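Notebook open. I want to look up helix packing, aromatic pairs, backbone angles and enclosed space, in that order.

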Amino acid sequence: DMEPAPDLDMVGIKKVPGGDVTQSFLVEGVAFKKAFSYAGFEMMQKQYTNPKILILNVELELKSEKENAEVRITDPGDYQSIVDAEWQIIYEKLDKCVDSGAQIILSKLPIGDLATQYFADRNLFCAGRVDASDLKRVAQATGGHMQSTVNDLTPDVLGECGEFEERQVGEERYNVFTKCTNAKTATIVLRGGSEQFIEESHRSIHDALMIVKRGLMSARVVAGGGAIEMEVSKSLREYAKTIMGKQQLIISAFAKALEVVPRQLCENAGFDATTVLNELRQSHALAGDVGRWSGVDMDTEGICNTMESGVWEPAVNKINSYTAAAEAACVILSIDETVRNPQSEQPGGAAGGMTMQQQNQKMSQAMGGRGLAGMMGRGGRGVRRLK
């Protein structure tokens with residue numbers, strides 16, 4: 001039975017240039033790059049144990065009025081009361097955040113220099129302009145709830161984790177939440193000497209995550225290492241012998257094409273593909289289920305039972321692969337005629353299908369048949385000689 005698809009957004013992948021791939025690590029929780037910070041951030045505590053976490057979608061800074069805002073006063077002294085009201089509003093917001101009991105305050109919107117210094121003086125950590133996806137994963141991992149106001153903050157809206165630390169990773173600072181109460185999220189930090197290498201590692205991790213996702217959705221698995229391809233190939237060869245006509249050749253060709261997978265595995269590993277394939281054919285030809293799961297053994301340059309070795313692939317992946325390959329082959333076979341231009345295969349054929357000699361002749365005709373002199377005029381006096 002198919003289960004609901006896991007949410008891969010709960011797995012964050014961060015790329016940090018520098019170092020080597022062995023310095024990549026997994027965080028059983030959430031890690032994200034330190035956001036922009038104002039003066040006073042250096043005074044904050046950078047490590048907490050069992051902290052309470054407040055997640056906000058509130059701006060904690062003084063802002064100028066919007067365009068065309070107008071305030072009319074009759075007494076110059078009223079202006080100071082307006083300024084004091086602005087300061088009072090921001091301080092009330094900050095006091096409510098502190099009174100909530102949170103030690104870490106994260107916000108999707110900016111946290112200004114006043115709030116940063118205010119929290120630092122009270123041994124609290126804050127970070128503004130945090131990416132929405134990172135906040136979502138923090139909420140999932142810590143059990144917190146994002147708040148759009150600082151009024152009526154109750155303990156049940158706060159998240160909690162076992163450890164919080166701001167850690168140096170390469171040239172960047174990362175906020176790391178570990179030992180989370182609802183550890184349904186994870187973060188993979190990839191390191192590498194170049195961006196191209198990191199991107200390649202990212203693609204490999206993504207492929208692995210998609211395979212795991214498929215495996216969780218469907219519990220049926222088959223043996224990898226080319227075992228299932230060799231078994232299907234054997235079954236198709238036996239089935240082809242029971243069919244008369246040209247269809248037998250088609251099925252036999254399909255069976256032969258499946259052997260490309262184990263052959264390519266051997267070539268990628270530097271093995272003798274011919275020897276390994278012969279061993280696989282002999283093993284799968286045995287009666288019963290003795291050699292059903294025989295596949296390429298990357299450790300011994302031979303064959304082994306890949307099902308027992310733990311080399312598995314989701315069955316739904318194989319079904320989709322065979323279906324897509326068969327459909328692609330049918331599309332190619334449905335093309336009964338192709339248009340070919342022999343002239344385009346000659347040197348210089350890219351220029352309208354003409355050869356280099358034909359191009360030179362056309363250029364000469366455009367110049368009047370006499371080269372540059374013909375193009376400049378009958379007398380050829382368009383170019384003067386230097387004496």
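**Entry 1: a helix and its cover.** I began with helix 2, where A115, T116, Y118, F119 and A120 are buried. Buried here means under 20% relative accessible area, exposed means over 50%, and partly exposed is in between, with a 1.4 Å probe and protein chains only. Helices are DSSP runs of H or I with at least four residues, strands are runs of E with at least two, and both are numbered from the N terminus. I then looked up what lies over those buried residues: the cover includes helix 1, strand 6 (104–107) and strand 7 (125–127).

A note on the source: this is a predicted model, in which local features need pLDDT of at least 70, side-chain atom pairs count only at pLDDT 80 or more, and totals for chains, interfaces and linings use all residues. Residues are numbered from 1 along each chain as its sequence is written, and side-chain values use heavy atoms, with hydrogens and water left out.

**Entry 2: the chain as a whole.** I logged twelve helices and 14 strands for the protein chain. It has 387 residues, of which 31% count as buried. I took contact to mean heavy atoms within 4.5 Å. Among contacts in the chain with a separation of 6 or more, 71% are between residues 24 or more positions apart. The accessible surface is about 24,400 Å², and carbon and sulfur atoms hold 53% of it. That area comes from the Shrake-Rupley method with a 1.4 Å probe; for residues, only the protein chains shown count as cover.

**Entry 3: aromatic rings.** My rule: rings of Phe, Tyr and Trp (its six-membered ring) pair if their centres lie within 6.5 Å; planes under 30 degrees apart are stacked, over 60 edge-to-face, the rest tilted. How many aromatic pairs does this rule give? The count is seven. Y91 and Y118 make a tilted pair, with 5.9 Å centre to centre and 55° between the planes. This pair links distant parts of the chain: Y91 sits in helix 1 (residues 77–99) and Y118 in helix 2 (residues 113–121), 27 residues apart. Y91 is partly exposed at 32% relative accessible area, whereas Y118 is buried at 9%. Y118 also pairs with F119, this time edge-to-face, at 6.1 Å centre to centre and 75° between the planes. F119 is buried, with a relative accessible area of 0%. I also found one aromatic cluster formed by F32, Y48, F125, F164 and F177.

**Entry 4: positive phi.** I checked N123 next. It follows helix 2 and lies in the loop between helix 2 and strand 7. Its phi is near 60°, a positive value in a residue other than glycine. K179 also has a positive phi, near 55°, and is not glycine either. I placed K179 in strand 9 (residues 172–180). Is K179 buried or exposed? K179 is exposed, with a relative accessible area of 60%.

**Entry 5: residues far apart in sequence.** I looked up T22, in the loop between strand 1 (11–17) and strand 2 (25–27). T22 is exposed at 67% relative accessible area. Its C-alpha is 8.5 Å from that of G192, 170 residues away along the chain.

Then I turned to L135 in helix 3 (residues 132–142). L135 is buried, with a relative accessible area of 0%. What does L135 touch, not counting residues up to four places away in sequence? I listed I55, L56, L106, S107, K108, V130 and M146. L135 and F32 are 103 residues apart in sequence, and their C-alpha atoms are 9.4 Å apart in space. F32 is a member of the aromatic cluster in Entry 3.

**Entry 6: enclosed space.** I used a 1 Å grid over the protein atoms alone: a cavity is a set of points where a 1.4 Å probe fits but cannot get out, and lining residues have an atom within 4 Å of a point. Grid points are joined across faces, edges and corners, and a volume is the space filled by probe spheres set on the points. The structure holds one cavity of 30 Å³ or more. The largest cavity has about 80 Å³ of space. Its lining includes F36, Y38, F41, I111 and T116. T116 is also one of the buried residues of helix 2.

Methods:
1 Å grid on protein atoms, 1.4 Å probe; cavity = no way out; pocket = protein on both sides within 12 Å on 5 of 7 lines; lining within 4 Å.
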